[in-house]
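I opened a new notebook page for this chain. My plan is to start with the overall picture and then go to single residues.

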Amino acid sequence: MITAAQMRAARALLGIDQKRLAELSGVSLPTIQRMEASEGNVRGVVDTLSKVVEALDAAGIELIGENAPSTGSGRGVRFKEATVKGKAG
């Protein structure tokens, strides 16, 4: 659904800290901290994950899934495919 890296990147794009994301989503600060400290996909209660995703969406963040096209417009950032060391992709 969402990775820890996506959460941190989304907050950076919005210029907000973990406390503000907790306020916007109605999720506790320790929960946000735990989610962002996880490896890979964030695990947790589906309702809690949904609250965070909905808060980010309401703030203007589009979360792009693996191999999914972006539905938004304008500028954005996403990982490129892995490249062979020393060769540009």
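My entries follow, from the whole chain down to two side chains.

**Entry 1: confidence.** I noted first that this is a predicted model. I looked up the mean pLDDT of the protein chain and found 86. Of its residues, 83% reach 70 or more. I then went through the elements. The lowest mean pLDDT among them belongs to α1, at 93. The highest belongs to α2, at 98. I left myself a reminder: where pLDDT is low, the predicted coordinates should not be read in detail.

**Entry 2: overall make-up.** I counted 4 helices and 0 strands in the protein chain. Along the sequence the pattern reads α-α-α-α. The chain has 89 residues, and 24% of them are buried. I put its accessible surface at about 6600 Å². Carbon and sulfur atoms hold 52% of that surface. I also checked the contacts with a separation of 6 or more. Residues 24 or more positions apart account for 52% of these.

**Entry 3: helix α4.** I found α4 at residues 46-58, 13 residues in total. From first C-alpha to last, α4 reaches 18 Å, close to the 18 Å expected at 1.5 Å a residue. Which residues of α4 are buried? I listed L49, S50, V52, A55 and L56. I then asked what covers the buried residues of α4. The cover includes α1, α2 (18-25) and α3 (29-37). After α4 comes G60, and its phi is positive, near 105°.

**Entry 4: R11.** I located R11 in helix α1, which spans residues 4-14. Is R11 buried or exposed? Its relative accessibility is 15%, so R11 counts as buried, the cut-off being under 20%. A polar atom of the R11 side chain lies 3.0 Å from the backbone oxygen of I16. I listed the contacts of R11, leaving aside neighbours within four places in sequence. They are I16, D17, Q18, L21 and E36.

**Entry 5: E36.** The last name on that list sent me to E36, which sits in helix α3. E36 has a relative accessible area of 5%, so I entered E36 as buried. Not counting residues up to four places away in sequence, E36 touches A4, M7, R8, R11, Q18 and L21. I cross-checked the pair from both ends: R11 is in contact with E36, and E36 touches R11. Q18 and L21 appear among the contacts of R11 and also among those of E36.

Methods. Residues numbered from 1 in each chain as written. Predicted model: local features only at pLDDT ≥ 70, side-chain atom pairs only at ≥ 80, totals over all residues. Heavy atoms only, no water. Helix = DSSP H or I, 4+ residues; strand = E, 2+ residues; numbered from the N terminus. Buried < 20%, exposed > 50% of the residue type's maximum accessible area, 1.4 Å probe, protein only. Polar contact = N/O pair within 3.5 Å; in protein donor to acceptor, adjacent residues only side chain to side chain. Contact = heavy atoms within 4.5 Å. Expected span 1.5 Å × (residues − 1). Areas by Shrake-Rupley, 256 points an atom, 1.4 Å probe, with all protein chains shown as cover. pLDDT = per-residue confidence, 0-100.
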